[in-house]
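Here is a friendly note to read alongside the model. Please keep the 3D view open and find each residue as it comes up.

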Amino acid sequence: MVVHKKLNLPEKTCPVCDRPFAWRKKWARDWENVIYCSERCRRTGKASQAGAL
């Protein structure tokens, strides 16, 4: 059995919930542009930006 170590994955902090989140394979091609930790935070963040305008 192969055990995967997730010790050296890059992390970012979500601007909506201020929680750290780690790199995921599905974000491999676009990691530089990933801002939010989840779809829920993305929707919340965009809604608060639209309300501020």
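1. Which residues line the largest pocket? Before the answer, one thing to keep in mind: this is a predicted model. The lining is made up of Arg24, Lys26, Trp27, Asp30, Asn33, Val34, Ile35, Tyr36, Cys37, Ser38, Glu39 and Arg42. Try colouring these residues by class: you should find five nonpolar, two polar and five charged residues. The space in this pocket comes to about 220 Å³. As for how such a space is found, rolling a probe the size of a water molecule over the atoms shows where empty space is left.

2. Now for the overall picture. The protein has one helix and two strands, and reading from the N terminus, the order is β-β-α. Of its 53 residues, 17% are buried. The protein exposes about 4900 Å², and 52% of that area is supplied by carbon and sulfur atoms. If you take the contacts between residues at least 6 apart in sequence, 10% of them join residues at least 24 apart.

3. Let us turn to the strands. Lys12 sits in strand S1, which covers residues 11–13, while Ala22 belongs to strand S2, residues 20–22. Along the chain these two residues are 10 residues apart, and their C-alpha atoms are 6.5 Å apart in space. Lys12 counts as partly exposed because its relative accessibility is 21%, and the cut-off for buried is under 20%. Ala22 is partly exposed too, with a relative accessible area of 29%.

4. What do these two strand residues touch? Setting aside neighbours within four places in sequence, Lys12 is in contact with Arg19, Pro20, Phe21, Trp31, Glu32, Asn33 and Val34. With the same neighbours set aside, Ala22 is in contact with Leu9, Pro10, Glu11, Trp27 and Trp31. Trp31 therefore appears in both lists. You can also look from Ala22 towards Cys37: they are 15 residues apart along the chain, with 8.5 Å between their C-alpha atoms. Cys37 is one of the residues lining the largest pocket.

5. How many salt bridges does the structure hold? There are two. As background, side chains of opposite charge can pair when their charged atoms come close. In one of the bridges, Glu39 pairs with Arg42, and the closest N and O atoms are 2.2 Å apart. Why can they meet? Glu39 and Arg42 are three residues apart in helix H1 (residues 39–52), so about one helical turn separates them. Glu39 is partly exposed, with a relative accessible area of 41%, and Arg42 is partly exposed at 31%.

6. The other bridge joins Arg43 to Glu39, with the closest N and O atoms 4.0 Å apart. Here the two residues are four residues apart in helix H1, so they too are separated by about one helical turn. Arg43 counts as exposed because its relative accessibility is 54%. Through shared partners, the salt bridges join Glu39, Arg42 and Arg43 into one network. To link this back to the first point, Glu39 and Arg42 are also among the residues that line the largest pocket.

Key. Residues numbered from 1 in each chain as written. Predicted model: local features only at pLDDT ≥ 70, side-chain atom pairs only at ≥ 80, totals over all residues. Heavy atoms only, no water. 1 Å grid on protein atoms, 1.4 Å probe; cavity = no way out; pocket = protein on both sides within 12 Å on 5 of 7 lines; lining within 4 Å. Points joined across faces, edges and corners; volume = space filled by probe spheres on them. Nonpolar A, V, L, I, M, F, W, Y, C, P; charged D, E, K, R; others polar. Buried < 20%, exposed > 50% of the residue type's maximum accessible area, 1.4 Å probe, protein only. Contact = heavy atoms within 4.5 Å. Areas by Shrake-Rupley, 256 points an atom, 1.4 Å probe, with all protein chains shown as cover. Salt bridge = Lys/Arg side-chain N within 4 Å of Asp/Glu carboxyl O.
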